[in-house]
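Hello,

Here is the structure I promised to pass on, with a few notes on what turned up. I hope they help when you open it on your screen.

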Amino acid sequence: MRAAALCLTLLLAPAGAAADDPWSFSGHAKYRLEAAAYPGNSLYRDLFGDFADDQALEGRFNLSWRRDRWSAQADYQLIGLYGDRLALAGLLPELGVPIRGIISDDRRWFDLTWTLADSDDAALVHRFDRASVGYTGDRVVWRFGRQAVSWGNGLLFTPMDIFNPFDPAAVDREYKTGDDMLYGQYLFGNGSDAQAVAVVRRDPVSGEVEADHSSLAFKYHGFAGANEYDLLAARHYDETVLGIGGSMALGGAVWQSDLTWTDTDHGGVFSAVTSLSYSWTWSGRNVSGLLEYYYNGFGQTGSDYSPAALRGNTELLQRIERGELYTLGRHYLGASATIEVNPLFLVTPTALVNLVDPSALLQLVTRYDWRQNLQLVAALNLPVGPDGSEYGGIESPVEERYLSTDASLFFQLAWYF
């Protein structure tokens, strides 16, 4: 009832506010359709036929308040899902394949997600993705509650971003999923800053708050002349994580890089990313491109992604289940370019390449500001690679069947208010 009452308050709040009004209200409604075709040897084809589709309708209502140095934020989501992915999320864990289904707060400190309806192929969920209070001083900033933080210099792959990083193939990156944390920042006189984050989590099995499921992290962002650098130290899921990264101008381009080391039960693990980005004009159109190399120290040493081989790599599977990693191998190359066809229409081709398989995911994304406050996003995803490769389709627990897809389509219509 409280969530419903807050929803009503959000809906009735004024969309515009006077200069002295401490309240502000915004949001969006998004309809999303995803469709995928399956090859003849795909386990998905056995389960769902040669074609599957998923639909989602999401409303997000953002209410914020600010008075002097104090602020508060509450972002409410109402999400309706329908399609084959929900059934898939229920089936694959039984076959030994980890996959995330409906978003939940099983690991989060506060349970702010409620399922209104749930069946094999449909669900209705409402939740708070942001709920925090904060204070901003001359040098000090702190916030408590559900919020999001992004660290690191990777553009496609982000080893230093240990809190809910985006999938490198994600099309919609407008909002990062929030976590329950205490966040603090201190601003130095030279422009550098120090940040501290304490994320409290629960054991999803016992439901109890556990230190070995929580995180305490510190990051320093500094300057060396015209260049910038980051230093990271964290205790994350009872493991020590250290990182160093930075960015610098290189001619007309920007070079960025991160290196992390994690002290696991099986020894230290290094991961790294380095990228070069550059912007130019081509045929009178603005273009920004990037080339990025990623080393995933938790990935498989070779190209064996069979169920037996993956079960032996518990460090990798744990991070996939927690939503921290999205790749199975070790060496990747990413390339992307955003072409401004006109100020309202952007085209972004991207290639994510597993250098060991070899296999790749080719993606073409288009964004069109159709009307004021209306945006159309469409994407074509084309996996390329042999059977048994990461993007061609890894082996499934069923003999002679693969977790493979053919081309897939993504369509989203968003209305902002």
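**Pockets, a cavity and a surface patch**

The second largest pocket in this predicted model has a volume of about 400 Å³. Its lining is made up of 20 residues, and those closest to the pocket centre are Leu156, Arg173, Ser336, Thr348 and Thr350. If you want to find the pocket by its strands, look at β13 (267-282), β14 (285-295), β15 (331-342), β16 (345-354) and β17 (359-371), the elements that each give two or more residues to the lining. By class, the lining of this pocket has 9 nonpolar, 9 polar and 2 charged residues.

There is also an enclosed space to look at. The count of cavities of 30 Å³ or more comes to 1, and the volume of the largest cavity is about 280 Å³. Around the largest cavity are 21 lining residues, with Thr158, Pro159, Tyr294, Glu324 and Leu325 nearest the centre. This lining divides into 12 nonpolar, 6 polar and 3 charged residues.

On the surface, Phe110, Val133, Phe144 and Leu182 make a nonpolar patch of about 310 Å². One of these residues, Val133, belongs to strand β5 (residues 122-136). Why can Val133 count towards a patch? Val133 has a relative accessible area of 41%, so it is partly exposed and passes the cut-off of over 30% used for patch residues.

Happy to go through any of this with you.

Best wishes

Methods
Residues are numbered from 1 along each chain as its sequence is written. This is a predicted model: local features need pLDDT of at least 70, side-chain atom pairs count only at pLDDT 80 or more; totals for chains, interfaces and linings use all residues. Side-chain values use heavy atoms; hydrogens and water are left out. On a 1 Å grid over the protein atoms alone, a cavity is a set of points where a 1.4 Å probe fits but cannot get out, and a pocket is an open set with protein on both sides within 12 Å along at least five of seven lines; lining residues have an atom within 4 Å of a point. Grid points are joined across faces, edges and corners, and a volume is the space filled by probe spheres set on the points. Helices (H or I, at least four residues) and strands (E, at least two) are DSSP runs, numbered from the N terminus. Ala, Val, Leu, Ile, Met, Phe, Trp, Tyr, Cys and Pro count as nonpolar, Asp, Glu, Lys and Arg as charged, and the others, Gly among them, as polar. Patches are made of residues with over 30% relative accessible area and no salt bridge: like charges are joined within 9 Å, nonpolar side chains (Val, Leu, Ile, Met, Phe, Trp, Tyr) within 5 Å. Accessible areas come from the Shrake-Rupley method with a 1.4 Å probe; for residues, only the protein chains shown count as cover. A salt bridge is a side-chain nitrogen of Lys or Arg within 4 Å of a carboxyl oxygen of Asp or Glu. Buried means under 20% relative accessible area, exposed over 50%, partly exposed in between (1.4 Å probe, protein chains only).
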